[in-house]
Amino acid sequence: KPFRRLLLTGAAGNLGRQLRAALAHWAETVRVTDIASLGQAAAHEEAVQANLADREAVHRLLQDVDAVVHLGGISVDAPFDDLLEANIRGTYNLYAAAHKHGVKRVVFASSNHAIGFHPVTEVLDADSPLRPDCLYGVTKCFGESLSRYYFDRFGIETVCLRIGSSFEEPKNPRMMVTYLSYRDFIELVRCSLFTNRVGHAIVYGASDNAVKWWDNTKASFLGFRPKDSSQQFAERFPPSAPTADRDDPAQRFQGGAFVIGEPMERA
Ligand code: NAI
Ligand code: 15L
């Protein structure tokens with residue numbers, strides 16, 4: 001197998017659960033971690049329950065690993081103090097530990113919410129300006145920036161996946177554009193781990209959907225070719241014209257309903 005040991009954070013989550021099985025084919029040992037319960041570890045797995053905000057725990061997680069798939073953190077908008085611990089401190093701890101332990105490749109789950117305030121009439125690529133649509137999106141911009149610094153300064157390579165909507169099926173018309181099938185998500189992670197010399201890369205995670213907001217030409221060296229499309233769900237969500245001229249911000253902007261939230265305070 002190509003890797004001796006891979007680390008998967010957020011392994012108990014929606015996408016982490018999808019990836020666990022695939023990683024078994026790519027590494028002798030997969031260290032799976034989450035703050036939540038990880039269930040029964042398979043024979044090739046080391047399960048470690050830990051909080052990413054716990055610096056010492058994260059340093060132990062990074063020991064003796066070849067590469068990291070970093071999915072752990074809060075995956076929706078939330079009070080700043082919660083995002084600060086899980087997404088900002090957590091991602092900082094991960095990079096500080098990667099540097100200390102000589103880990104040279106990270107696949108970072110960024111999000112379309114890092115660019116969600118671009119209108120739906122625009123097609124973005126890797127060089128489009130960040131326009132986060134909520135504090136959660138701002139934490140993903142932090143992760144992209146932090147990883148850029150750790151590459152420029154220390155040569156730690158990162159592929160930032162600006163994931164669209166990766167679920168079993170699209171749940172609304174917007175997700176006909178942002179849908180990323182689980183199979184295509186796994187393929188995107190595979191390309192990000194196995195491509196030689198990725199430097200610091202930005203790639204959008206969407207399937208081969210009929211309407212596209214994102215152009216991955218600048219990340220073509222990753223060789224990511226989505227196989228699925230949201231078209232199989234077209235009857236449920238028939239196509240409509242772009243709505244950038246309408247009054248509803250949740251329809252005008254790529255981030256959808258995330259753009260109408262407000263910064264939350266912890267209760
Ligand atoms: P999820 O919420 O199901 O999984 C995230 C996991 O991180 C959870 O199991 C949670 O317990 C864990 N976690 C949260 N705080 C933690 C902490 N302080 N320490 C350790 N673990 C912690 O989300 P999902 O859908 O699996 O997403 C995975 C990653 O991909 C997330 O970073 C999310 O922001 C990103 N993403 C996902 C998208 C999707 O459509 N599924 C879209 C865009 C980005
Ligand atoms: C995300 O970043 C979230 O993690 C996920 O739950 C979805 O809301 C997704 O974006 C989306 O934009 O549909």
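**View 1. Backbone atoms meet ligand 1 in this predicted model.** Let's start at G73, where a backbone N or O atom lies 3.1 Å from an oxygen atom of ligand 1. At S166, a polar backbone atom is 2.6 Å from an oxygen atom of ligand 1. A nitrogen atom of the ligand takes part too, sitting 3.3 Å from a polar backbone atom of I35. How much of ligand 1 does the protein bury? On its own, ligand 1 exposes 820 Å², and the protein buries 86% of that.

**View 2. The shell around ligand 1, residue by residue.** Here you can look around the 26 residues that surround the ligand. Those that come nearest are L15, D34, S75, Y136 and S166. Sorted by class, the shell holds 12 nonpolar and 12 polar residues, along with 2 charged ones. The space that ligand 1 takes up is the largest pocket.

**View 3. Helices and strands that frame ligand 1.** Which elements each supply at least two residues of the shell? They are the helices α1 (14–26) and α4 (135–154), together with the strand β5 (105–111). Strand β5 gives the largest share, with 3 residues.

**View 4. Stepping back to the whole protein.** The fold is built from 7 helices and 7 strands. Following the sequence, you will meet them in the pattern β-α-β-β-α-β-α-β-α-β-α-α-β-α. The C-alpha atoms fill a box of roughly 50 × 40 × 35 Å along the principal axes. The radius of gyration is 18 Å, which agrees with a compact globule, because one of 267 residues would have a value near 18 Å.

Key:
Residues numbered from 1 in each chain as written. Chains lettered and ligands numbered in written order. Predicted model: local features only at pLDDT ≥ 70, side-chain atom pairs only at ≥ 80, totals over all residues. Heavy atoms only, no water. Near = heavy atom within 4 Å. Polar contact = N/O pair within 3.5 Å; in protein donor to acceptor, adjacent residues only side chain to side chain. Areas by Shrake-Rupley, 256 points an atom, 1.4 Å probe, with all protein chains shown as cover. 1 Å grid on protein atoms, 1.4 Å probe; cavity = no way out; pocket = protein on both sides within 12 Å on 5 of 7 lines; lining within 4 Å. Sits in = over half its atoms within 2 Å of the grid points. Helix = DSSP H or I, 4+ residues; strand = E, 2+ residues; numbered from the N terminus. Nonpolar A, V, L, I, M, F, W, Y, C, P; charged D, E, K, R; others polar. Rg over C-alpha atoms; globule rule 2.2 N^0.38 Å.
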